[in-house]
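Biologist: Could you take me through one buried spot in this model up close, and then zoom out so I can see where that spot sits? Keep it casual, but stay with what the coordinates show.

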Amino acid sequence: MLNFSKWPLLLLLSTEELATIQQVCVFGESANEAIYITNDNKVFVFGENCTGCLGTEDGLSTIVPKQLSCLEGKKVVSLSYARGPDFLLATEDGKVFACGYNACRLLGVVTRGICELSQSLVTVNIPNMKVKEVACGAYHSMVLTEDGEVFAWGYNNHGQASSHIVVIQPFPVKVGGSLQGETVIGITCGHSFSMALLDNGEIHGWGDNHNGQLGVGHDNYVSMMPCRLSALQESCIKQVVSGYGHSLAVTDKGLLYSWGTNTFGQLGIGDMNNCFSPVQVMADEERFVEVAACHFTHTSAAKTQSGQVYMWGQCRGRAVVMPRLTHFTNTDDVFACVASPPVMWRLMSVGEQNI
């Protein structure tokens with residue numbers, strides 16, 4: 001079960017309110033905003049409400065939870081947040097809602113100013129498609145449809161929104177390149193790059209590659225269109241996650257790989273040198289079943305089959321260059337206790353933290 005005391009912001013809630021939570025996510029530049037879904041599928045928000053990211057329409061901070069009435073009764077299946085701050089969420093019926101900072105059009109909706117203070121339905125270019133997953137980078141967004149197609153929009157200065165045409169892509173556009181004709185089953189965003197996991201276990205990436213974020217063997221500028229991470233072509237990847245400038249992946253055999261930016265040792269390879277191709281981490285360790293990272297942080301975490309949890313990277317401001325065994329029982333606790341800021345790396349389901 002979720003230990004709410006590890007997330008100070010959640011302690012603003014009463015015992016009765018905490019008991020109703022089914023899913024929750026703490027986000028924002030200082031981890032000062034939160035959204036949670038109750039057991040009867042009501043959505044509540046509270047916190048600083050910077051740039052109107054809580055979608056309460058008034059733009060005011062609140063320590064008293066406010067319900068987002070337009071989402072009542074809609075089961076949330078995916079949620080992600082950007083640096084604006086802002087957030088996207090997908091509901092079980094395949095619809096996407098967005099609110100918050102929109103200066104780079106990362107919400108995919110038209111607003112009168114730079115902020116969207118209420119929850120807006122994202123429909124342009126994806127009106128008849130059911131979305132099953134959302135992902136946000138710092139200032140760009142992606143969605144994955146039930147048909148395995150990816151759409152992206154927002155800030156495109158490094159090609160992270162996969163557009164050759166504009167620096168800011170205002171509305172969702174289908175991502176082509178090496179994804180054309182393929183079926184995508186998972187998506188993740190770094191600060192200014194994007195990754196997609198295919199049903200055949202391949203990883204494809206695009207966007208900023210100045211520090212080897214795409215894992216393609218070099219650090220030559222950017223890639224406007226997806227390209228296959230060929231170094232792992234003999235492996236079947238089951239999960240890929242991205243931090244600010246690095247990525248982690250786990251194979252079907254439980255092997256762990258990392259690549260990209262390594263300023264704080266977030267690759268877990270014993271030094272702080274960037275890696276342009278995937279390198280195996282803790283090769284002698286038992287099988288890994290989960291990896292965790294978040295584009296807001298330089299922290300990495302992983303969980304083994306026996307339940308051991310490791311952390312490395314930026315931990316409480318220090319660079320931990322080798323994975324360190326913790327007393328935690330899940331990767332979520334790593335971000336609560338050592339990440340800067342202490343945001344959640346995913347929408348957490350209460351009682352379902354263990355794989």
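Modeller: Let's park on valine 150. Once you leave aside its neighbours within four places in sequence, valine 150 is in contact with Met142, Val143, Leu144, Val173, Lys174, Val175, Leu179, Val184 and Ile187. Keep in mind that this is a predicted model, so everything here is read off computed coordinates.

Where does valine 150 sit in the fold? It belongs to strand β11, which covers residues 150–155. Its relative accessibility comes out at 2%, so valine 150 counts as buried, the cut-off being under 20%. For a sense of distance, take valine 77, which is 73 residues away along the chain: its C-alpha and that of valine 150 are separated by 17 Å.

Phenylalanine 46 makes a good companion case. This residue is part of strand β3, residues 43–47, and with 0% relative accessibility phenylalanine 46 counts as buried. Pair phenylalanine 46 with isoleucine 168 and you get 122 residues of sequence separation, with 30 Å from C-alpha to C-alpha.

Now for some backbone geometry that you would probably flag yourself. Most residues other than glycine have a negative phi, and most peptide bonds are trans. Alanine 31 is not a glycine, yet its phi is positive, at about 55°. You'll find alanine 31 in the loop between β1 (21–27) and β2 (33–38), and at 8% relative accessibility it counts as buried. Asparagine 41 also has a positive phi, about 60°, without being a glycine. Its loop is the one that links β2 and β3. Asparagine 41 has a relative accessibility of 18%, so it still counts as buried, given that the cut-off is under 20%. Then there is the peptide bond from serine 340 to proline 341, which is cis, with omega near -5°. Proline 341 lies in the loop between α2 (331–337) and β25 (348–349).

Zooming out, the protein chain contains two helices and 25 strands. Its radius of gyration is 19 Å, close to the 20 Å that the globule rule gives for 355 residues, so the chain is as compact as a globular protein of that length. Measure the C-alpha trace along its principal axes and you get a span of about 50 × 50 × 30 Å. Of the 355 residues, 57% are buried, and valine 150 is one of the residues that count as buried. Among contacts with a separation of 6 or more, 50% come from residues 24 or more positions apart.

What about the surface and the charges? The protein chain exposes about 13,700 Å², and carbon and sulfur atoms supply 49% of that. The side chains include 21 positive and 32 negative ones, and the centres of the two sets lie 1 Å apart.

Last, a word on how far to trust all this. The mean pLDDT of the protein chain is 89, and 90% of its residues reach 70 or more. Over residues 104–118, though, the pLDDT is below 50, and that stretch has 67 contacts in the model beyond near neighbours in sequence. Where pLDDT is low, the predicted coordinates should not be read in detail.

Definitions and conventions
Residues are numbered from 1 along each chain as its sequence is written. This is a predicted model: local features need pLDDT of at least 70, side-chain atom pairs count only at pLDDT 80 or more; totals for chains, interfaces and linings use all residues. Side-chain values use heavy atoms; hydrogens and water are left out. pLDDT is the predictor's confidence in each residue, from 0 to 100. Contact means heavy atoms within 4.5 Å. Helices (H or I, at least four residues) and strands (E, at least two) are DSSP runs, numbered from the N terminus. The radius of gyration is taken over C-alpha atoms; the globule rule is 2.2 Å times the number of residues to the power 0.38. Buried means under 20% relative accessible area, exposed over 50%, partly exposed in between (1.4 Å probe, protein chains only). Accessible areas come from the Shrake-Rupley method with a 1.4 Å probe; for residues, only the protein chains shown count as cover. Lys and Arg count as positive and Asp and Glu as negative; His and the chain ends are not counted. The place of a charge is taken as NZ of Lys, CZ of Arg, CG of Asp or CD of Glu.
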